[in-house]
Amino acid sequence: MNSLFQNNYESENDRKLDRKFSYNYQVIKRMYPKASELPEEEVRGIIRKYYQAPKGQEEQAIKDYISQKEPEWQQLYGLDYEDKEENANSFWQPTQNNDFWGGYGNKQNISSSTIQPMTEQERREYDEELIDAFYNHLKQAGIEGYKNFIYCDSGGLNTTGNGLRVPTLKSLSGYTMTMNNAPVSAQNPALTMAQKAAYLQRQNDFCKTYSYIDQNGQKAWDVVSAEAQEDEYKKRYGEHQPYFQDDELEAAGKEYIRRSVLPVLKEKLKKHNIDFYDTFNQKGQIALMDLLYNLGENKFKLDEGPIDEGYWPGLTKALIARSAKDAARNTHRKNIGDDRNKLIYNYMLEGFKY
């Protein structure tokens with residue numbers, strides 16, 4: 001068995017970190033053995049640096065961060081770096097395919113005995129880490145992206161943040177909106193409900209300009225990018241759409257994941273006796289969450305039934321059989337960018353714990 005996944009913990013802290021962060025921690029420890037001596041918040045910081053890094057620069061970002069923090073860690077936690085020269089040869093080993101989290105391939109050769117069940121408290125803590133990671137995943141260009149103003153999505157619906165729908169005045173009532181892209185202040189006051197109502201009517205009229213009747217006599221939408229919409233709206237009305245507050249959008253986005261994505265996915269898997277935590281590493285979890293978030297609960301059904309009605313029998317069978325290749329092949333979606341489909345394919349290909 002690869003020593004990366006061995007179950008012989010160096011210390012109680014090593015065991016807690018492994019159970020807390022699972023696959024992410026295992027990869028970090030493989031590259032930086034002293035990670036087993038760091039407290040939880042420091043390991044969390046390393047993981048976050050990965051998700052915050054620009055695409056393609058993740059490994060270098062992690063390497064730079066660890067190098068920068070080493071002197072501080074040595075002073076704070078008394079780490080022994082006498083063997084640093086010896087570790088230097090193995091400290092930063094490039095992963096296969098230059099994939100930081102997934103370079104060690106599918107984990108189907110790992111015995112299930114190495115997977116230790118988490119306590120309920122550990123699961124709740126892990127869920128919050130996963131929600132953070134998935135939220136940052138969604139914000140990437142080519143996934144959902146992120147906008148702090150309203151744009152028309154491919155179905156003509158008012159959308160903001162990383163894919164949050166805000167179709168009604170009631171849905172806007174919980175958000176602070178300002179005319180300038182800055183925190184609310186005396187110089188940048190929040191819009192009143194009357195101002196929001198007037199804006200929403202104008203925005204709805206604007207979205208209608210992208211609608212048309214297709215060859216089947218059905219209403220359809222031909223929208224341009226959010227950036228192009230931004231320019232067109234300003235030309236039409238002489239001002240930018242109102243801005244949301246970033247912290248409110250982040251809180252709303254994470255709450256939606258917490259309430260409507262994670263528990264729904266767990267329940268869908270549970271119906272087939274698939275445990276969300278024991279079966280998938282974080283890549284597999286994010287891949288499945290991406291499918292559910294993108295398609296919605298009614299269009300992502302892990303049951304037998306016709307594909308054109310939202311059922312995914314091929315994926316369901318592959319998940320039950322723990323077949324990474326079959327599962328990956330069954331993640332493809334129509335009307336989704338190639339980059340997103342490819343990313344989720346690769347995540348699912350490497351998404352099983354064993």
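## Helices, packing and a few loop residues

Right after helix α9 comes Gly238, which has a positive phi, near 75°. That glycine belongs to a predicted model, and the protein in it has 15 helices and seven strands. Of its 354 residues, 47% count as buried. If you take the contacts between residues at least 6 apart in sequence, 62% of them join residues at least 24 apart.

**Two helices with a buried side**

- Start with α9, which covers residues 226–237: at 1.5 Å a residue its twelve residues should span 16 Å, and its end C-alpha atoms are indeed 16 Å apart.
- The buried residues in α9 are Ala226, Gln229 and Tyr233. Look down the axis of α9 and these buried residues fall within an arc of 50°, so they line one face of the helix.
- That fits a simple rule: an α-helix has 3.6 residues a turn, so residues three or four places apart point the same way.
- As for what sits over the buried residues of α9, the cover includes β1 (147–152) and α8.
- Helix α8 itself takes in residues 193–208, 16 residues in total, and runs 23 Å from first C-alpha to last, close to the 22 Å expected at 1.5 Å a residue.
- Buried in α8 are Lys196, Tyr199, Leu200, Gln203, Phe206 and Cys207. They take up an arc of only 120° around the axis, which puts them on the same side of α8.

**Two helix pairs**

- A quick reminder on how to read these: two packed helices are described by the angle between their axes and the distance between the axes.
- Helix α1 (residues 12–21) packs with helix α6 (residues 120–138) at an angle of about 60°, and their axes are 9 Å apart. That makes α1 oblique to α6.
- On the α1 side, the contact comes from Arg19, Lys20 and Phe21, while α6 brings in Glu122, Glu125, Tyr126 and Glu129. Sorted by class, the α1 contact with α6 has five charged residues, two nonpolar ones and no polar ones.
- The other pair is α10 and helix α12 (residues 282–295), with an angle of about 110° and axes 10 Å apart. These two helices, α10 and α12, are therefore roughly perpendicular to each other.
- From α10, the residues in this contact are Tyr256, Ile257, Ser260, Val261, Leu262, Val264, Leu265, Lys268 and Leu269, and they meet Gln285, Leu288, Met289, Leu292 and Tyr293 of α12. By class, the contact of α10 with α12 has eleven nonpolar, two polar and one charged residues.

**Phe21, a buried residue of α1**

- Phe21 is part of helix α1, and it is one of the residues that α1 uses to touch α6.
- With 3% relative accessibility, Phe21 counts as buried.
- Setting aside neighbours within four places in sequence, Phe21 is in contact with Glu40, Val43, Arg44, Ile47 and Glu129.
- If you're tracing the chain, note that Phe21 and Asn281 are 260 residues apart along it, yet their C-alpha atoms are separated by 9.5 Å.

**Loop residues: one buried, two exposed**

- Thr331 is in the loop between α14 and α15, and with a relative accessible area of 1% it is buried.
- What does Thr331 touch, leaving aside its neighbours within four places in sequence? It is in contact with Leu291, Trp312, Asn341, Ile344, Tyr345 and Met348.
- Asn335 is also found in the loop between α14 (324–329) and α15 (338–349), but Asn335 counts as exposed, at 82% relative accessibility. Its phi is positive, about 60°, although Asn335 is not a glycine.
- Asn273 likewise has a positive phi of about 60° without being a glycine. You'll find Asn273 in the loop between α10 (246–270) and α11 (276–279).
- Is Asn273 buried or exposed? With a relative accessible area of 75%, Asn273 is exposed.

Terms used:
Residues numbered from 1 in each chain as written. Predicted model: local features only at pLDDT ≥ 70, side-chain atom pairs only at ≥ 80, totals over all residues. Heavy atoms only, no water. Axes fitted to C-alpha atoms, helices over the stretch in contact; angles between N-to-C directions. Helix = DSSP H or I, 4+ residues; strand = E, 2+ residues; numbered from the N terminus. Parallel < 35°, antiparallel > 145°, perpendicular 65-115°, else oblique. Contact = heavy atoms within 4.5 Å. Nonpolar A, V, L, I, M, F, W, Y, C, P; charged D, E, K, R; others polar. Expected span 1.5 Å × (residues − 1). Buried < 20%, exposed > 50% of the residue type's maximum accessible area, 1.4 Å probe, protein only. Arc of directions from axis to C-beta.
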